[in-house]
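Let's take a walk through this chain together, starting with its strands and ending in its interior. Have the model open in your viewer as you read.

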Amino acid sequence: MAKTTIYKGETVKLNVTILPEEAALNRVIYSSSNSNIAAVDSTGNITGVTSGTAAITVKSEDGKVSKSITVNVYSKVTDVSINSGDITLQEGETFKLNAIIFPDDATNKDVEWSSSNSDIAGVNSTGLITANVIGTATITVTAGVGVGVPDSQVQKSIKINVIASLEGTQIVFNPSLKIDVNVITGLDYLDTTVKTMKSKISTDFAMEFYNYKGELLNDSANLGTGSKILFRDADNNVMAEYNIVLYGDVNRRRKNK
């Protein structure tokens, strides 16, 4: 076998030389220490099943002679997603992004974050965005980076719209709601309608409510984790954006923290 690292789904042939030559007709038996990681058939074909390490052993039928090799199965990154769509932040606000790597058993889950303009919105190595000055920037996550068997790098991006910091009196929330930067919690999960949420916010801005799919909601619709509120001025500019986390949400949709 020319290599001991194979890709998930790849099959390679384990070539065995039997000595002495007069023993070549003797049957050999192949086995894997973990066939869920690397499986081997009766002819020595090894198939990578999932990421990990397994020992492949070949032994004589009488069990007197055996040899083993260690096979590393490498699962390549096929996709990456970000736990948020495009967002609006006020100057000085921060927002934490998380990268979700596919498949779940990907060997290399290292990612790199970058900003198209860190003067407007910077991002650190953990995905924490800091809104610096008014403007628009693109935040990109790149998966399949680092050491090991090279992956075909996969990228995803979102846009960050940084707006001027609002005065505290421009949007006032009912004390029953808990506000952490641009995340709202504290909504009674037994009464989650848009109408109820509106009654808990005082502002001159127009309010738009969206569900986690990005669909515009009417007053009778229910809010859930992943819903968001957009506040627009008279010129239809987005002046603020808040994400809702509803504890007790049985659907357990994505949480924007």
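Two strands count as paired when DSSP finds at least two bridges between them. With that in hand, look at Ala121, which stands opposite Ala131 in β14. This is a predicted model, and the pairing around β14 makes a good place to enter it.

Strand β13 covers residues 121–123, and three bridges link it to β14 in the antiparallel sense. Together β13 and β14 form a hairpin with four residues between them. In that turn, Gly127 has a positive phi of about 90°. There is another partner for β14: strand β10, residues 94–96, runs antiparallel to it and is joined to it by three bridges. Here Lys96 has Leu128 as its bridge partner in β14.

Which side chains of β14 are buried, and which are not? The strand spans residues 128–131, and its side chains alternate. Ile129 and Ala131 point to one face and are buried, while Leu128 and Thr130 point to the other face and are not.

Now follow Ile129 inward. Leaving aside residues up to four places away in sequence, Ile129 touches a set of residues that includes Ile87, Leu89, Phe95, Leu97, Val123, Ile139 and Ile160. Glu93, Thr94, Ala121 and Gly122 are also among the residues it touches. Ile129 belongs to the largest nonpolar core, which has 23 residues. Leu89, Leu97, Trp113, Ala121, Ile129, Ile139 and Ile160 are the ones that touch the most other members. At least two residues of this core come from each of β8 (79–82), β9 (87–90), β13, β14, β15 (135–143) and β16 (154–163). Apart from this core lies another, of 22 residues, with Leu166, Leu187, Val194 and Tyr242 among them.

For a stop elsewhere in the chain, find Gly226, in the loop between β21 (206–210) and β22 (228–232). Is this loop residue buried or exposed? Gly226 counts as buried, because its relative accessibility is 1%, and the cut-off for buried is under 20%. Its C-alpha atom is separated by 6.5 Å from that of Val245, which is 19 residues away along the chain.

Finally, step back to the whole chain. It has one helix and 23 strands, and buried residues make up 40% of its 257 residues. Of the contacts between residues at least 6 apart in sequence, 57% join residues at least 24 apart. The accessible surface comes to about 13,900 Å², and carbon and sulfur atoms account for 48% of it.

Technical notes: Residues are numbered from 1 along each chain as its sequence is written. This is a predicted model: local features need pLDDT of at least 70, side-chain atom pairs count only at pLDDT 80 or more; totals for chains, interfaces and linings use all residues. Side-chain values use heavy atoms; hydrogens and water are left out. Buried means under 20% relative accessible area, exposed over 50%, partly exposed in between (1.4 Å probe, protein chains only). Contact means heavy atoms within 4.5 Å. Accessible areas come from the Shrake-Rupley method with a 1.4 Å probe; for residues, only the protein chains shown count as cover. A nonpolar core is a set of buried Ala, Val, Leu, Ile, Met, Phe, Trp, Tyr and Cys residues joined through side-chain atoms within 4.5 Å.
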